[in-house]
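Student: I have a model open on my screen and should like to go through it with you. May I ask about it piece by piece?
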Amino acid sequence: YQHSLGRIPFAAVVFDEIQTLKNPDSLRAHAGRAIKADFRIGLTGTPIENRAVDLWAIMDQLAGGKLGTYHDFRGRYSTPDEVNMAELHGRVFGATERRPALALRREKDSVARDLPIKSRKLHPRLMPQVQEAAYEHARLKLAEGGAGAALKMLHHIRTVSVHPDLEGARADADVIAASGRLEATFAILRTIAAAQEKALVFIEHRQMQYRFIELVKATYGLKRVDLINGDTPIDKRQAIVDRFQGQGPGFDLLVLGPKAAGTGLTLTAATHVIHLSRWWNPA
């Protein structure tokens with residue numbers, strides 16, 4: 001509705017999840033800038049997803065020119081270091097006598113003081129022999145391939161690092177034993193199940209999402225384990241969240257795709273979060 005909305009003089013426009021406009025040349029970014037409004041607000045939990053210029057694109061939607069030109073910004077901040085990032089932080093979050101800060105940051109300490117302190121645990125594992133062999137074979141292929149083949153092989157390496165062969169017909173125990181990540185995950189889940197607590201498990205790979213659910217149901221006798229990924233309709237997402245949030249005490253799991261579940265979900269029933277495979281972007 002870009003053209004019809006662009007004719008209306010709004011008093012205010014609010015962009016929720018404004019990081020989706022982080023590419024200033026995209027059609028949606030052009031549509032955002034076309035909205036006529038006296039006052040513009042953007043809300044986001046990830047103002048920088050890939051690189052510092054994401055922040056410039058967001059501020060260009062809200063307060064064009066306040067962070068200079070795209071060319072100047074990119075030259076100044078594209079290679080982040082302690083000095084230029086401190087300067088950028090001051091430009092965005094610093095207030096002066098003449099004007100308030102461009103951005104306000106809300107932190108958990110000020111709005112959710114009842115939350116317990118988050119603890120982060122790493123569970124390193126050596127790859128089982130079959131996984132290591134598949135990984136090394138893929139790595140050697142990557143070294144030999146051209147640009148197009150390299151990207152395809154890189155994706156394959158990431159898949160193999162989660163599991164070397166989900167296609168093969170194996171017993172559940174053998175499927176778990178073939179992957180260092182699955183072994184670690186099920187070891188963690190044993191502790192969570194024994195404590196009768198709940199967990200969220202983030203898995204990027206679609207095939208692994210479905211296979212993991214079957215493995216968990218068989219291992220722990222769970223009748224139902226829900227999944228939220230890119231195929232989950234919006235109305236069903238909330239129904240799944242409500243079911244998980246409303247469950248009484250006891251062990252339960254919810255499996256989520258990192259990108260699909262990264263926005264618009266509020267999940268507080270779980271006391272554990274497991275990243276079995278992460279989205280490509282570590283930010």
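Student: Is Trp56 buried or exposed?

Tutor: In this predicted model, Trp56 is buried, because its relative accessible area is 10% and the cut-off for buried is under 20%.

Student: Which ring pairs with Trp56, and what is the geometry?

Tutor: The partner is Tyr70. The ring centres are 5.2 Å apart and the planes stand at 70 degrees, so the pair is edge-to-face.

Student: Where do Trp56 and Tyr70 sit in the chain?

Tutor: Trp56 belongs to helix α3 and Tyr70 to helix α4. With their positions 14 residues apart, the pair links distant parts of the chain.

Student: Is Tyr70 buried or exposed?

Tutor: Neither term applies to Tyr70, which is partly exposed with a relative accessible area of 24%.

Student: How many aromatic pairs does the structure hold?

Tutor: There are 5 aromatic pairs in the structure. In addition, one aromatic cluster is formed by Phe186, Phe212, Tyr220 and Phe251.

Student: Back to α4. At what angle do α4 and α5 pack?

Tutor: Helix α4, residues 70-77, packs with helix α5, residues 82-93, at an angle of about 135 degrees. Their axes are 10 Å apart. That angle makes α4 oblique to α5.

Student: Which residues make that contact?

Tutor: From α4 the contact uses Phe73, Arg76 and Tyr77. From α5 it uses Asn84, Met85, Glu87, Leu88 and Arg91. By class, the residues of this contact of α4 with α5 are 4 nonpolar, 1 polar and 3 charged.

Student: And how do α7 and α8 pack?

Tutor: Helix α7 (residues 129-144) and helix α8 (residues 147-162) meet at an angle of about 170 degrees, and their axes are 9 Å apart. An angle of that value makes α7 roughly antiparallel to α8.

Student: Which side chains should I display for that one, that is, which residues make the contact?

Tutor: On α7, the contact is made by Gln131, Ala134, Tyr135, Ala138, Arg139, Lys141 and Leu142. On α8, the residues are Ala150, Met153, Leu154, His156, Ile157, Val160, Ser161 and Val162. The contact of α7 with α8 comprises 10 nonpolar, 3 polar and 2 charged residues.

Student: A change of topic: which residues of α2 are buried?

Tutor: In helix α2, residues 27-34, the buried residues are Ala29, Ala31 and Gly32. Seen down the axis of α2, the buried residues fall within an arc of 160 degrees, so they line one face of the helix.

Student: What do the buried residues of α2 pack against?

Tutor: They pack against α1 (2-5), β1 (9-16), β2 (36-43) and α3 (53-62).

Student: Let us take α1, then. Which residues does Gln2 touch?

Tutor: Gln2 lies in helix α1. Not counting residues up to four places away in sequence, Gln2 touches His30, Ala31 and Ala34. The C-alpha atoms of Gln2 and Ala31 are separated by 5.6 Å, although the two residues are 29 residues apart along the chain. Gln2 itself counts as partly exposed, at 33% relative accessibility.

Student: And in β1, what is Ala12 in contact with?

Tutor: Ala12 lies in strand β1. Leaving aside neighbours within four places in sequence, Ala12 is in contact with Ala37 and Phe39. Ala12 is partly exposed, with a relative accessible area of 43%.

Student: Which residues other than glycine have a positive phi?

Tutor: Glu17 is one of them, with phi near 55 degrees. Glu17 is in the loop between β1 and α2 and is partly exposed, with a relative accessible area of 24%. Gln196 also has a positive phi, of about 55 degrees, and is not a glycine.

Student: Where is Gln196?

Tutor: Gln196 is in the loop between α10 (180-194) and β3 (198-202). At 48% relative accessibility, Gln196 counts as partly exposed.

Student: Finally, the whole chain: how many helices and strands are there?

Tutor: The protein chain has 12 helices and 6 strands. Its C-alpha atoms fill a box of roughly 65 × 55 × 40 Å along the principal axes. Of the 283 residues in the protein chain, 34% are buried. Among contacts with a separation of 6 or more, 66% are between residues 24 or more positions apart.

Key: Residues are numbered from 1 along each chain as its sequence is written. This is a predicted model: local features need pLDDT of at least 70, side-chain atom pairs count only at pLDDT 80 or more; totals for chains, interfaces and linings use all residues. Side-chain values use heavy atoms; hydrogens and water are left out. Axes are lines fitted to C-alpha atoms, for helices over the stretch in contact, and angles run from 0 to 180 degrees between N-to-C directions. Helices (H or I, at least four residues) and strands (E, at least two) are DSSP runs, numbered from the N terminus. Angles under 35 degrees count as roughly parallel, over 145 as roughly antiparallel, 65 to 115 as roughly perpendicular and the rest as oblique. Contact means heavy atoms within 4.5 Å. Ala, Val, Leu, Ile, Met, Phe, Trp, Tyr, Cys and Pro count as nonpolar, Asp, Glu, Lys and Arg as charged, and the others, Gly among them, as polar. Buried means under 20% relative accessible area, exposed over 50%, partly exposed in between (1.4 Å probe, protein chains only). The arc is that of the directions from the helix axis to the C-beta atoms. Rings of Phe, Tyr and Trp (its six-membered ring) pair if their centres lie within 6.5 Å; planes under 30 degrees apart count as stacked, over 60 as edge-to-face and the rest as tilted.
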